[in-house]
Amino acid sequence: MTEEKNKLENEKSLWITGIGLLGFIIVFLVGGSLADSKSDYAPAIIWFGLILFVYYIFLFVGNTQFVKTMAGEWGSKVAFSVVIAILLLESNRQASIEINSVFGISASAFSGTLYIMTILKTFILSKVLLSVFTVWGGVAFVYYLVTGGAGTHKSFQTFIFAISGLLIGGIGWLLVETKLNEDVLHKKAYLVAHSFDFNQHVKCPGKVVKGAAVFLGAAQNRVLVDESEPPQMDWLQAIYANPEELSSVLLPGENELRILSCS
């Protein structure tokens, strides 16, 4: 019975590692090239990788022997679910503040931008989780070295599982720190807004709209107009852009953002 249980645990570890590796490759390594490819399938592929990566985090935490010993598998998953819920709520709040600081109006006018920026803020705030994740991977790796993994012999599957948490967590933290630097988030929010919410062909009765615009308020009788040159970078490219690639992107000044009332 014990040998059969150990075999199932090893197989589970390999499956979890495979899920995490695939999600990591799609989100962090392949994502940039997909963004530059202008492919219609790029967003769906990246979201699929993101789902796999988040799912891997849940599975890794629940399957780590250290966590099972401390809280039990079910207890650890419940606790981690609560942490994720709090993380998403705080990410949404910070994304709203980010949008407001860029455009000077409520984030409710930028529903698409708020959605994307909430995801980016989640990744930024998850740096702490990825750090803990890396430590958990290190603990699992030490556990393997000390005990040899499941059973009385050294388990290669346990080694792969432990090292995946250590490397994916560490490299993930580094890439989030590089790609989602707080200093460039304003520019990312601006570029995302032009892809999702601004429209180059808005009709505002009684007014001539020069530039891209977005309707404001429930009555939809006002528009926020950006009269600056339209950016050439789309939202996917903006998400994966490094600070150096965003250095030429200029945020609109006060004279370039106008609110017009439509008759």
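Student: How much accessible surface does the chain have, and what share of it belongs to carbon and sulfur atoms?
Tutor: Keep in mind that this is a predicted model. The accessible surface of the chain adds up to about 13900 Å². The share belonging to carbon and sulfur atoms is 64%.

Student: And what percentage of the residues count as buried?
Tutor: Here a residue is buried if its relative accessible area is under 20%. The chain has 263 residues to go through. Of these, the buried share is 44%.

Student: What pattern do the helices and strands follow along the sequence?
Tutor: Start with the inventory: nine helices and three strands. Now read them off along the sequence, and you get α-α-α-α-α-α-α-α-β-β-α-β.

Student: What share of the contacts with a separation of 6 or more comes from residues 24 or more positions apart?
Tutor: Contact here means heavy atoms within 4.5 Å. Take the contacts in the chain with a separation of 6 or more, then pick out those between residues 24 or more positions apart. That share is 73%.

Student: Let's look at the sheet. In what order do the strands lie?
Tutor: Strand β1 (residues 212-216) is joined to strand β2 (residues 222-226) by five bridges, and the two run antiparallel. β2 also pairs with strand β3 (residues 257-261), again in the antiparallel sense and over five bridges. That makes an open sheet with the order β1-β2-β3.

Student: Which strands have one side without a neighbour in the sheet, and why?
Tutor: The sheet is open and has three strands. Two of them stand at the edges with a single partner strand each, so one side of each lacks a neighbour in the sheet; these are β1 and β3.

Student: Why is β1 described as largely enclosed by the rest of the structure?
Tutor: Look at burial in the strand: β1 is largely enclosed because the buried residues number four of five. β2 is largely enclosed too, since its buried count is likewise four of five.

Student: Which residue of β3 stands opposite L224?
Tutor: L224 sits in β2, where V214 stands opposite it. Further along that hairpin pair, L216 stands opposite R222. Going to β3 instead, V223 has L260 as its bridge partner. For L224, the residue opposite in β3 is I259.

Student: Which residue in the hairpin turn has a positive phi?
Tutor: The hairpin is formed by β1 and β2, with five residues between them. In that turn, the phi of about 75° belongs to G217.

Student: Over to the helices: how far apart are the axes of α5 and α8?
Tutor: Helix α5 (residues 111-125) packs on helix α8 (residues 185-196) at an angle of about 145°. The crossing is right-handed. The axes are 8 Å apart.

Student: How many nonpolar residues are there in the contact of α5 with α8?
Tutor: On α5 the residues involved include I116, M117 and L120, and on α8 they include A189, V192 and F196. By class, the contact has two polar and two charged residues, and the nonpolar ones number nine.

Technical notes
Residues are numbered from 1 along each chain as its sequence is written. This is a predicted model: local features need pLDDT of at least 70, side-chain atom pairs count only at pLDDT 80 or more; totals for chains, interfaces and linings use all residues. Side-chain values use heavy atoms; hydrogens and water are left out. Buried means under 20% relative accessible area, exposed over 50%, partly exposed in between (1.4 Å probe, protein chains only). Two strands pair if DSSP finds at least two bridges between them. Accessible areas come from the Shrake-Rupley method with a 1.4 Å probe; for residues, only the protein chains shown count as cover. Axes are lines fitted to C-alpha atoms, for helices over the stretch in contact, and angles run from 0 to 180 degrees between N-to-C directions. A crossing is left-handed if the near helix is turned anticlockwise from the far one by less than a right angle, and right-handed if clockwise. Ala, Val, Leu, Ile, Met, Phe, Trp, Tyr, Cys and Pro count as nonpolar, Asp, Glu, Lys and Arg as charged, and the others, Gly among them, as polar.
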